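Please consider the sequence and the three-dimensional model together. The explanation below is written for a reader who meets this structure for the first time.

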Amino acid sequence: MPILFPYSGCSALNRRSVVLGSMGLLALPAAQAAKLSKQDSATVWPRASQVPGGIARLSLGPAEQRPVAHDGDVPLLVVGDSIEWTAVVGIPLAARPGEANISVLQAKGGASREISYTIAPKQYSVQKLKVAPGTVDLSPEDEARYQRERARQEKFTAVFTEPEPQEMRMRVPVPGRRSSSFGLRRVFNGQSRNPHSGMDIAAGTGTPVLAPLPGRVIDTGDYFFNGNTVWMDHGGGLLTMYCHLSRIDVKPGDMLMTGERLALVGATGRVTGPHLHWSVMLNRAMVDPALFIAG
């Protein structure tokens with residue numbers, strides 16, 4: 001299954017941020033806020049959306065030990081307990097609608113079985129952007145750099161560590177208006193490129209970027225398209241990426257808890273203004289971060 005590290009780039013964003021989360025609930029009538037809070041607490045995270053770029057939640061049934069599940073040769077996140085186990089499967093943006101399947105080994109030494117599910121079609125919008133010509137038609141030197149960076153990321157994003165995440169409802173890394181939604185089909189200077197593989201959040205340069213879940217920093221660096229970047233591993237093949245940072249405050253190996261600062265928002269790499277590009281990867285597939293957050 002290929003991993004997409006597209007010529008990502010991001011659009012200019014409205015710098016007027018919107019305060020999210022609990023303050024938004026405070027602005028609502030008490031009865032409505034209570035209703036939303038009750039609905040939110042009953043939500044299973046991440047939410048299922050069986051489309052390209054979405055997530056499938058597949059029941060594996062009861063078992064004394066955690067089953068082992070794979071999509072091809074890629075290990076999958078399995079959560080639950082002996083009463084009910086669930087495979088949480090990231091669906092690549094490039095996946096074709098139709099039937100797909102995973103393999104499951106229910107018990108050590110036993111036979112594997114296949115579980116099928118259906119990927120529904122989804123039409124993502126198209127966005128046309130104007131950027132510096134040198135970030136679309138790359139020079140041989142820049143192309144070589146991009147390919148080196150791509151190979152480097154493919155190695156560390158294949159990690160699958162334990163323990164699995166205990167919680168998957170994520171905190172939004174920065175407050176602000178969400179724009180340039182996940183899955184947008186990008187056209188740079190009239191040339192079509194890979195779809196947008198994350199969520200852009202409007203925020204001014206220097207705004208703190210906070211960890212959405214507990215995890216370990218597995219990579220930091222200055223990438224050609226993504227600028228200053230941090231990758232975090234949350235366990236079980238669940239990774240997050242933060243791009244275009246003005247400053248990085250962590251190093252590989254650092255352990256962070258939810259809400260701890262990892263960097264500051266910036267405008268490095270291929271951008272037209274300061275903001276945070278935030279990506280979520282599950283079983284090596286970029287998936288929609290909106291499925292992990294409230295609202």
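The paragraphs that follow treat strands, aromatic pairs, individual residues and a pocket.

This is a predicted model, in which local features need pLDDT of at least 70 and side-chain atom pairs count only at pLDDT 80 or more, while totals for chains, interfaces and linings use all residues. Residues are numbered from 1 along each chain as its sequence is written, and side-chain values use heavy atoms, with hydrogens and water left out.

A suitable starting point is strand β15 (residues 227–233). Helices (H or I, at least four residues) and strands (E, at least two) are DSSP runs, numbered from the N terminus. Strand β15 is mostly covered, for seven of its seven residues are buried; buried means under 20% relative accessible area, exposed over 50%, and partly exposed in between, with a 1.4 Å probe and protein chains only.

Which strands pair with β15? One is β14 (residues 215–223), which pairs with β15 in the antiparallel sense over seven bridges; two strands pair if DSSP finds at least two bridges between them. In this pairing, aspartate 222 stands opposite asparagine 228 of β15. The two strands β14 and β15 form a hairpin, with three residues between them. Strand β16 (residues 238–248) is also joined to β15, by five bridges, and the two run antiparallel. Here valine 230 faces a partner in β16, standing opposite tyrosine 242. A hairpin is formed by β15 and β16 as well, with four residues between them, and glycine 235 in the turn has a positive phi of about 95°. In general, strands of a sheet pair through backbone hydrogen bonds, either parallel or antiparallel.

The aromatic residues come next. The structure holds three aromatic pairs. Rings of Phe, Tyr and Trp (its six-membered ring) pair if their centres lie within 6.5 Å; planes under 30 degrees apart count as stacked, over 60 as edge-to-face and the rest as tilted. The ring centres of phenylalanine 156 and tryptophan 231 are 5.5 Å apart and their planes stand at 75°, so this pair is edge-to-face. Because phenylalanine 156 lies in helix α3 (residues 140–156) and tryptophan 231 in strand β15, the pair ties together parts that are 75 residues apart in sequence. Phenylalanine 156 is buried, with a relative accessible area of 12%, and tryptophan 231 is buried with a value of 0%. Phenylalanine 224 and phenylalanine 225 also form an edge-to-face pair, at 4.8 Å centre to centre and with 90° between the planes. Both phenylalanine 224 and phenylalanine 225 are buried. Ring pairs link these two residues with Tyr146 into a cluster.

Two further residues of β15 merit attention. Threonine 229 is found in this strand and is buried, with a relative accessible area of 0%. Its side chain reaches the backbone oxygen of glycine 227 at 2.9 Å. A polar atom of the threonine 229 side chain also lies 3.5 Å from the backbone oxygen of asparagine 226. Aspartate 233, likewise in β15, is buried with a relative accessible area of 4%. What does the side chain of aspartate 233 make a polar contact with? The partner is the side chain of threonine 161, at 2.6 Å. A polar contact is a pair of N or O atoms within 3.5 Å; within protein, one must be able to donate a hydrogen and the other to accept it, and residues adjacent in sequence count only if both atoms are side-chain atoms.

Elsewhere, an open sheet of four strands has the order β3-β2-β6-β7, with antiparallel pairing. Its edge strands are β3 (74–75) and β7 (112–119), each of which pairs on one side only. Strand β6 (residues 98–105) and β7 pair in the antiparallel sense over eight bridges, and glycine 98 stands opposite isoleucine 119 in β7. Alanine 107, in the loop between β6 and β7, is partly exposed, with a relative accessible area of 44%. Alanine 107 and glutamate 64 are 43 residues apart in sequence and 8.4 Å apart in space, C-alpha to C-alpha.

A final feature concerns strand β14 once more. Strands β14 and β17 (255–256) each supply at least two residues of the lining of the second largest pocket. On a 1 Å grid over the protein atoms alone, a pocket is an open set of points where a 1.4 Å probe fits, with protein on both sides within 12 Å along at least five of seven lines; lining residues have an atom within 4 Å of a point. This pocket is lined by 17 residues, of which Pro163, Pro214, Gly215, His234 and Gly235 lie nearest its centre.
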